[in-house]
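Got your viewer open? Let's take a walk through this one together, one selection at a time.

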Amino acid sequence: MFNLTDLQLGAEYQPLVNPHTQAIYGYEALSRFYQQDGSCIAPNIVFEQLHAHHEQLSQVELLAKTFQFQHAPQTGVLFVNIDPHAIEHNTPAMLALLQQKKNVCVEIIENTCINDAHLASTLIEQLVKFDIPVGLDDIGAPHSMLSVDLLSQVSCLKFDKYWLETAQQPIYHHLINALLDFAKKTNKLTVLEGIETEEHLLFAQQIGVDLVQGFLFKPLFYQPKYRVKLNNI
């Protein structure tokens, strides 16, 4: 267990690029956490602890999004992740912040819990009401369940890197092609995550996704020197 008040906040911005031209379309903002001595703490560890305290989770998410907006690259679309549990206690403040940012897409994570799906659906409805684009993240990840309602409501589909592991299996190949066809016919942006090799990039080009993201493309902007103390938690 970490003392959350002792953590400091940073951000990493990973580029999303056109798989054919490698032109940068935008960036995904990711939270990064540091201890007082400057050492990093894996974000999943922090968020797992925060999930037991939704009010604290809401505070950290609002601080993180504010920080990410302040230091984001000035060009392209900014993709930000929001856990539906994170805005239960500060929905008006988070929606107000999101409306201030132009060219933003809010990513909602697919989860296995049916209650999470209900929360996600409610959040998506609120975002759509305010004309804030929404993306569904981690589609096809082994831990996720695919909600037809969520799939139909969002404007961006982000496919998990697991599709790269199953690329040679016909049933998975047919499935992702069907989902991509659905996306194209309903004017949804598509992104394939986990691109780490030229072979991965070739696969993305062959299946026709709009954008790719992964360690093959180094983060364009990363400033760990900018840190925010997580006070009042």
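Which residue in β2 does L16 stand opposite? Select L16 and look across: G26 in β2 is the one facing L16.

Before we go on, some ground rules. This is a predicted model, where local features need pLDDT of at least 70 and side-chain atom pairs count only at pLDDT 80 or more, while totals for chains, interfaces and linings use all residues. Residues are numbered from 1 along each chain as its sequence is written, and side-chain values use heavy atoms, with hydrogens and water left out.

**Stop 1: the whole protein.** Zoom out and you should find eight helices and eleven strands. Both are DSSP runs numbered from the N terminus: helices are H or I with at least four residues, strands are E with at least two. Of the 233 residues, 48% count as buried; buried means under 20% relative accessible area, exposed means over 50%, and partly exposed is in between, using a 1.4 Å probe and protein chains only. The accessible surface comes to about 11,500 Å², worked out by the Shrake-Rupley method with a 1.4 Å probe. Carbon and sulfur atoms own 53% of that surface.

**Stop 2: the first hairpin.** Select residues 8-17, which make up strand β1. Ten of its ten residues are buried. On one side sit Q8, G10, E12, Q14 and L16, on the other L9, A11, Y13, P15 and V17, and both faces are covered. Now add residues 24-34, strand β2: the two strands pair in the antiparallel sense over ten bridges (to pair, strands need at least two bridges found by DSSP).

Six residues lie between the strands of this hairpin. Click on Q22 in that loop. Its phi is near 60°, a positive value in a residue other than glycine, and at 42% relative accessibility Q22 counts as partly exposed.

**Stop 3: another positive phi.** Jump to N103, in the loop between α3 (91-100) and β5 (104-109). Phi of N103 is near 55°. Is N103 buried or exposed? N103 is exposed, with a relative accessible area of 54%.

**Stop 4: the largest pocket.** Select E28, L30, I109, D137 and D138, which lie nearest the centre of the largest pocket. A pocket here is an open set of points on a 1 Å grid over the protein atoms alone, where a 1.4 Å probe fits and protein lies on both sides within 12 Å along at least five of seven lines; lining residues have an atom within 4 Å of a point. The volume is about 1,100 Å³, and the lining has 33 residues. β2 gives the largest share, five residues. The lining divides into ten nonpolar, eleven polar and twelve charged residues.

**Stop 5: the second largest pocket.** How many residues does α8 give to the lining of this pocket? Select α8 (198-207): five residues come from α8, the largest share. α6 (162-165) also gives two or more. Among the lining residues are L164, H173, H200 and F203. The volume of this pocket is about 170 Å³.

**Last stop: H53.** You'll find H53 in the loop between α1 and α2. H53 is partly exposed, with a relative accessible area of 38%. Add A86 to your selection: H53 and A86 are 33 residues apart in sequence and 9.6 Å apart in space, C-alpha to C-alpha.

Notes: Grid points are joined across faces, edges and corners, and a volume is the space filled by probe spheres set on the points. Ala, Val, Leu, Ile, Met, Phe, Trp, Tyr, Cys and Pro count as nonpolar, Asp, Glu, Lys and Arg as charged, and the others, Gly among them, as polar.
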